[in-house]
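Here's a pair of exercises on pockets. Have the model open beside you and work through the steps.

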Amino acid sequence: MNADQVLQAMAKALPGADVEVRVEYRDSALTRFANSFIHQNVAEQTTTLGVRANHAGRTVSVTTTTVDLESLAERTKAALAVAPLDPAWPGLTAPSPLVAESVVDDATANATPDERASIVRDFVEAAKGLETAGYCRSAHWTGSYRSTAGQSLDAAATDAAFDGIARLNGADAVARRASARLSDVDGTAMGERVAASVRSLADPVELEPGRYEVVLMPEATADILHALAMYSFNGRFFADGRSFAEPGATQFDSSISIVDDPFFAGRPYDPEGTPRTRLTLVDKGVTKAIAHDRRTAAQAGVASTGHSLGEEGVFGPMPLNPAFLPGTGSVDDMVANVERGLLVTDFWYTRVLDPKTLVITGLTRNGVWLIENGKVVRAVRNLRFTQGYAQALAPGQVLAVGSEVVPQPNRRDLVNSAPVALRLASWNFTGGASG
Amino acid sequence: MTYFGLAETAISAALDAGARYADARVMHRRYESMNARNGEVEELASDESAGLGVRALVGSSWGFFAVPTLSEAGARQAGTRAAEIAKASARVPGPALDLIPTQVNTASWQSDCVIDPIGVALSEKGDLLTHASKLILEHGATLAEAQYQIWDTTKWFASSEGHRIDQHIRETGAGITATSIGNGESQRRSYPAARGQYGTRGWELVHDLDLLAHAPRVAEESRALLTAPLCPSGETTLILGGEQMCLQIHESVGHAIELDRILGWEAAFAGTSWLDLNQLGSLKYGSELMNIIIDPAIPGALGSFGFDDEGTPAQRRYAVQNGIWKGVLAGRDSAARAGLDYGGSVRSDGWARLPMVRMTNVGLEPGPHTLEEIIASTDDGVFMENNRSWSIDDKRLNFQFGCEIGYEVKNGKLGRMVRNPTYTGIGPKFWSSMDMLSSEIINWGTPNCGKGQPSQTGHTGHPAAPARFQNVRVGVRS
């Protein structure tokens, strides 16, 4: 499907309207394993055509996987005729080129089921008989954007992801990796790591709930990045007053810097045709920016940062590729400096209690250990926490920032994070495994 | 070529490529949604999606491939690719896999619908949402939202065993939300739930909700919550409203009885289950008041269908009967692996997704009381209603829920409103403490159940009613 032809057809059918057209092609495959065998193995090819039109003060968005332009134009016209008025229509994006290209790795774009299965096999074999589960994904996206305002963009990107656990006596250990290149996914290395990790989780003790100093591994801090992205740097939450973020204010420890970087493995423009940049959200503890689409940007009196979610925009624009800038500490150094605390690998099923205060409840998973006098002394059973994430990163609360970035995949292609380990002064555990 | 013809072509191609079983689903779906904020419609979204998904079993390994191309060539390619992917799965093989036998059906089914929801004028729908959100603003909320969603799905299923089933399912839902912001936090009230109420019904469902009548109340309650005292902390008697009971059932029963979790097939992502198949039929899940049914045949409930996505007809069975665990949500392969003789709970959220074990309608049979009686017989406790947050561990045991609103209960009467009500517990201990259950069942619909990789969004139904629980920890805070 050619985006220029679609735009011409829509502009002809809707004379005088603001029209934008998106044509996206996804070739995505995911190989899933559990009980140490591949039990689900899927692939899909999808072509999606999206049209958004504003005419006579009314706006509609239409998407389809079918290619019938005549029918699409008729549907759009019919919807426009009766759609409610949209006085906040922000207009179309002015012509502007991409800031940078995303990574397109041909080997990932053309990855075969056998190649994904081989990575899974390497992971399973490296775990040496332990029960394993997880997935390996490869995806290739190409997109074109055209509008009656003259914006014209074409881009492509690839995505690779792996997430695997090893299980032993009710304990799990995890390894995850996100990249634009499937060749970055080393099944053997990750299998060996999770096998060693899960064996260190034998005979866990149950700890009393309460506040503990913590060393959070990147798998856990990825959750902090995503929560900040969803609720705090989200332009809609900001406009509504539901975010704690205040640009210009020192709201985090000076060791914390956060960016949104679409060029690692993300889309270089958003569904409104706004080129994305590497956006600094927090610089040395100072909140610098909010993620905006055209509507929230107009409301805030600023320019869009290229964070529209398109037809899913009701939740609001948010960073899709958030990253902590690395510090200088290793996890070993962090642990060595803890008198009594917990080393936490991962968080599970976290949910926000109040977006304004960013209080989150969830559980630990995939490995928790007690640290005493600078040494990991024993495994601990999982704990429930109820913790304000912003409070945990507030000035004076961050004791060390890790140097190693471990890119983490998301449920969706080309959405990911680049977290590091963090040593935090206090984390509020509100329940043990038994309640 | 007909849609059944395309499905049969895909199946033939998969068999030609070495599959010993294959099924195919052609699906066409129209989706429409509208959201109004603060008295104005933002955007009207309309989506049309059509495609074909093929599942092939080669030896004991599955493969699945989906294409949007509804042509003979596209169908043939999809069938061949599904079988090729299944062969790649065999590089990391599992134990021998069978499918339990099923009756081969040739059938048509459609959900009940009085008013075609897509046929209702957009202007009428927009007027309703803008009016509702304006009312919320006028009654003092900081942020007013109203929304509806409609799915109109037709699917044609065929299998290499001879199934030929077409189904037309229309799903509709709507809701309103008021948010007030102040004192450094936000408070939300929604009607009838934050996600709205949904069913396999037409626009008559939205008429029945009467959103406008509830708009002033939710606005006023959201403002009142800003200055209400915090929910007390400690162990107490907890009364849950019906909508919160819907999510309690969904998270701590519905997901726990999914057979793929029990077998470990979801261990890395969705998690496993605390349930052990060796205890099926004997394990005490809750009190004798606890009777949970699996019933995809409830008219109008969101998890209803005529046949699941493996062609198994809708069947009612007990998940929990008089407090004893009796049944699971299963598919033909997972049932065979577990030594069970029933499936019927395999669903896919679209043509591009692999069918997998999902909830249908999972919920309570009615109890003997009313909410009024439950409150009247409670000396000291807390009443909570409308879900605000949910979190549960990977075995579906340790949960913590937050609700939008709470009230103290003193001497048989509702007392002060309390804000930020939360409660936490362990599944079987919690359900065993249920000592009163209302007869006031509502078939709640949950349109946002996430599971699977790639992610699928399931639509599930939950018959639920208010209930009382003893010695529950409430008021958990940061």
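**Exercise 1.** Find the volume of the second largest pocket, then work out what lines it.

*Solution.* Start with size: the second largest pocket comes to about 540 Å³. Next, the centre: 25 residues line this pocket, and the closest to its centre are Gly170(A), Ala171(A), Arg381(A), Asn382(A) and Lys395(B). Then the elements: strand 6 and strand 13 of chain A each give two or more residues to the lining, and strand 13 has the largest share, with five. A pocket here is an open set of points on a 1 Å grid over the protein atoms alone, where a 1.4 Å probe fits, with protein on both sides within 12 Å along at least five of seven lines; lining residues have an atom within 4 Å of a point. Volume is the space filled by probe spheres set on the points, joined across faces, edges and corners. Strands (E, at least two residues) and helices (H or I, at least four) are DSSP runs, numbered from the N terminus.

The model is predicted, with local features needing pLDDT of at least 70 and side-chain atom pairs 80 or more, while totals for chains, interfaces and linings use all residues. Residues count from 1 along each chain as written, chains are lettered from A and ligands numbered from 1 in written order, and side-chain values use heavy atoms, without hydrogens and water.

**Exercise 2.** Say where the largest pocket lies relative to domain 1 and domain 2 of chain A.

*Solution.* Its volume is about 620 Å³. Helix 5 of chain A gives the largest share of the lining, four residues. Domain 1 (3-196) and domain 2 (204-431) both contribute to the lining, so the largest pocket lies between them; the bounds come from an automatic or database domain assignment.
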